[in-house]
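Here's a quick look at how the ligand is held in this one, with a short stop at the salt bridges afterwards. Have the structure open as you read.

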Amino acid sequence: MFPSAFDYHRASSIDDALDLLASHSEAKFLAGGHSLIPMMKLRLAEPGVLIDIGRLDELKGISEDNGSIRVGSLTTHAALAASEALRRDCPILAEAAALIADPQVRNKGTIGGNIAHADPASDLPAVLVALGATIHLKSKSADRPVAAADFFVDLLATSLADNEIMTAIEIPKLGAGTGSAYLKVEHPASGYAVCGAAALITIANGSVSAAKLAFNGVTAIPFAADGVSEALLGSDAGDEAVDRAMAALAVADPMSDSYASGEYRTALARAYGKRAIRAARDRAA
Ligand SMILES: Cc1cc2nc3c(=O)[nH]c(=O)nc-3n(C[C@H](O)[C@H](O)[C@H](O)COP(=O)(O)OP(=O)(O)OC[C@H]3O[C@@H](n4cnc5c(N)ncnc54)[C@H](O)[C@@H]3O)c2cc1C
């Protein structure tokens with residue numbers, strides 16, 4: 001369980017990190033190391049060069065703009081879970097971060113590493129898709145914003161290009177009348193999501209004016225159940241309306257492994273999607 005030999009460089013700035021990336025083929029950024037190092041020990045990843053970005057303060061922290069919250073890519077899960085700004089204006093992200101693994105993982109693992117690794121069983125991808133977050137990528141020549149829904153392209157694969165670093169994630173603040181909830185069924189050994197459901201509901205004058213439901217753990221990439229969200233619009237979001245809307249859930253190509261079959265994952269999505277919508281509705285009230 002030893003990784004292959006590799007060279008190590010510590011970046012002193014974002015520009016330095018991009019220069020190092022440009023001058024080394026087969027290089028990987030090292031953030032919290034909680035996905036990359038295990039992959040290297042298993043020889044599932046064998047980068048010849050590690051570029052340690054872990055000390056770049058410019059990639060850390062949570063700041064507020066008028067309508068949005070900007071989270072640096074190197075912000076840890078523990079910082080997300082403890083953030084007053086998120087708890088007030090985007091509680092679903094703090095709620096999901098608090099459910100990740102254990103304190104050791106939450107203290108080292110970062111939001112950027114979590115989504116760049118694109119493990120289908122990670123907790124944050126579905127939340128960011130449901131929120132309509134924007135992921136900011138940077139190369140030596142350009143800044144590139146990517147919608148979270150377009151960022152995840154396949155199992156462990158994203159639209160991050162070989163010459164780019166992720167700098168931040170921008171999240172719209174949830175307004176008054178919007179409730180949110182993230183619920184997960186965790187794998188008993190790893191704590192990763194076998195099924196994670198993220199729901200947002202906005203209720204105005206007694207009826208649903210906006211809704212979003214997204215899942216991770218079920219398919220190779222997080223997916224938004226847009227049929228369910230559309231079916232909720234205009235309803236009172238009562239239990240019967242939620243049941244009717246959930247009938248529109250379609251799961252294409254659910255994952256199957258020794259712990260959970262595709263059929264079981266689909267059943268979990270039906271049950272936990274419903275529960276997440278109900279919880280979001282109750283919080284919107
Ligand atoms: C025992 C254990 C249990 C876990 N349980 C859960 C869980 O329940 N839920 C969950 O969601 N996660 C879980 N995780 C994963 C954890 O959340 C990690 O934080 C996350 O997967 C990777 O983040 P990291 O900062 O450690 O990234 P690293 O391991 O350092 O990097 C991961 C990948 O992202 C790339 N990368 C990192 N930062 C950037 C950047 N800024 N720009 C471009 N590329 C970048 C790296 O090059 C690498 O390819 C668990 C991990 C462990 C070890």
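In this predicted model, 30 residues surround the ligand, and the ones that come nearest are Phe29, His34, Ser35, Thr110 and Asp123. Sorted by class, that shell breaks down into 13 nonpolar, 14 polar and 3 charged residues.

Where does the shell come from? Strand 2 (27-30), helix 7 (111-117) and strand 10 (165-172) each chip in at least two residues. Helix 7 gives the most, with 4 residues.

Now for the polar side of things. Here are ligand atoms paired with an N or O atom in a protein side chain:

| Side chain | Ligand atom | Distance |
|---|---|---|
| Asp123 | nitrogen | 2.7 Å |
| Asn114 | oxygen | 3.0 Å |
| Lys184 | oxygen | 3.3 Å |

How much of the ligand does the protein cover? On its own the ligand has 980 Å² of accessible area, and the protein covers 90% of that. As for location, the ligand sits in the largest pocket.

Asp123 is worth a second click, as it turns up twice: it's among the residues that come nearest to the ligand, and its side chain has an N or O atom 2.7 Å from a ligand nitrogen.

Away from the ligand, let's turn to salt bridges: searching the whole structure turns up 17 of them. One pairs Lys140 with Asp19, with the closest N and O atoms 2.3 Å apart. That pair ties together distant parts of the chain, 121 residues apart. Lys140 is in the loop between strand 6 (134-138) and strand 7 (143-147), while Asp19 belongs to helix 1 (residues 14-23).

Terms used. Residues numbered from 1 in each chain as written. Predicted model: local features only at pLDDT ≥ 70, side-chain atom pairs only at ≥ 80, totals over all residues. Heavy atoms only, no water. Near = heavy atom within 4 Å. Polar contact = N/O pair within 3.5 Å; in protein donor to acceptor, adjacent residues only side chain to side chain. Areas by Shrake-Rupley, 256 points an atom, 1.4 Å probe, with all protein chains shown as cover. 1 Å grid on protein atoms, 1.4 Å probe; cavity = no way out; pocket = protein on both sides within 12 Å on 5 of 7 lines; lining within 4 Å. Sits in = over half its atoms within 2 Å of the grid points. Nonpolar A, V, L, I, M, F, W, Y, C, P; charged D, E, K, R; others polar. Salt bridge = Lys/Arg side-chain N within 4 Å of Asp/Glu carboxyl O.
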